[in-house]
Amino acid sequence: MENLIDIANRAVADYGFRQAVLYGCANIALRWSLTEEETAQLCGSVVAELAALPIPVQPEDVPAEQARVAEIIRGLASA
């Protein structure tokens with residue numbers, strides 16, 4: 001799960017990286033050596049959350065959005 005959180009944190013802060021995740025989640029999963037379960041979560045729930053973010057996330061909002069998305073990812077692990 002920590003890899004997913006790392007990817008999401010970077011995607012929240014860096015709009016260019018977010019685009020790479022949104023449109024190439026399978027490639028990101030390969031590059032980060034994610035498991036099949038992590039890949040499914042990245043390409044499903046995580047991408048959906050990232051797609052809903054404003055373009056761009058304002059710098060002062062980045063920490064709060066990162067924390068929010070991280071909590072969602074942690075919730076996926078316990079589901």
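In the predicted model, glutamate 49 counts as partly exposed, its relative accessibility being 22%, a value that places this residue above the 20% limit under which a residue is taken as buried. The side chain of glutamate 49 forms a salt bridge with arginine 68, and the closest N and O atoms of the two residues are 2.8 Å apart. This pair links distant parts of the chain, since glutamate 49 belongs to helix H4 and arginine 68 to helix H5, with their positions 19 residues apart in sequence. Arginine 68 likewise counts as partly exposed, at 34% relative accessibility.

Arginine 68 also meets the side chain of glutamate 65 in a salt bridge, with an N to O distance of 2.9 Å. Glutamate 65 and arginine 68 are three residues apart in helix H5, and they are therefore separated by about one helical turn. An α-helix has 3.6 residues a turn, so residues three or four places apart point the same way. Through these contacts, Glu49, Glu65 and Arg68 are linked in a network of salt bridges. The structure holds three salt bridges, and among them is that of glutamate 71 with arginine 74, whose side chains meet at 3.3 Å, N to O. Both glutamate 71 and arginine 74 lie in helix H5, three residues apart, which corresponds to about one turn of the helix. Arginine 74 is partly exposed, with a relative accessibility of 40%.

Helix H4, which carries glutamate 49, comprises the 16 residues 36-51. At 1.5 Å a residue, a helix of this number of residues should span 22 Å, and the end C-alpha atoms of H4 are 21 Å apart, which agrees with that expectation. The helix nevertheless bends by about 40° at leucine 42. Leucine 42 is also one of the buried residues of H4, which are Glu38, Gln41, Leu42, Val46, Val47 and Leu50. The buried residues of H4 pack against four helices, namely H1 (2-13), H2 (15-23), H3 (25-31) and H5 (62-78).

A covalent link to helix H4 is provided by the one disulfide that the structure holds, formed by cysteine 25 and cysteine 43, whose sulfur atoms are 2.1 Å apart. Because cysteine 25 lies in helix H3 and cysteine 43 in helix H4, the pair ties together parts that are 18 residues apart in sequence. The torsion about the S-S bond of the two cysteines is about 115°, and the disulfide is therefore right-handed. The two partners fall into separate accessibility classes: cysteine 25 is buried, with a relative accessible area of 14%, whereas cysteine 43 is partly exposed, with a relative accessible area of 32%. The limit that divides these two classes is 20% relative accessible area.

Helix H1, one of the helices against which the buried residues of H4 pack, contains isoleucine 5. With a relative accessible area of 5%, isoleucine 5 is buried. When residues up to four places away in sequence are not counted, isoleucine 5 touches Ala70, Ile73 and Arg74; the last of these, arginine 74, is the residue that also meets glutamate 71 in a salt bridge. Isoleucine 5 and valine 69 are 64 residues apart in sequence, while the C-alpha to C-alpha distance between them is 7.8 Å.

Technical notes
Residues numbered from 1 in each chain as written. Predicted model: local features only at pLDDT ≥ 70, side-chain atom pairs only at ≥ 80, totals over all residues. Heavy atoms only, no water. Helix = DSSP H or I, 4+ residues; strand = E, 2+ residues; numbered from the N terminus. Expected span 1.5 Å × (residues − 1). Bend = angle between axes of the 7 residues up to and from the residue. Buried < 20%, exposed > 50% of the residue type's maximum accessible area, 1.4 Å probe, protein only. Contact = heavy atoms within 4.5 Å. Disulfide = S-S within 2.5 Å. Salt bridge = Lys/Arg side-chain N within 4 Å of Asp/Glu carboxyl O.
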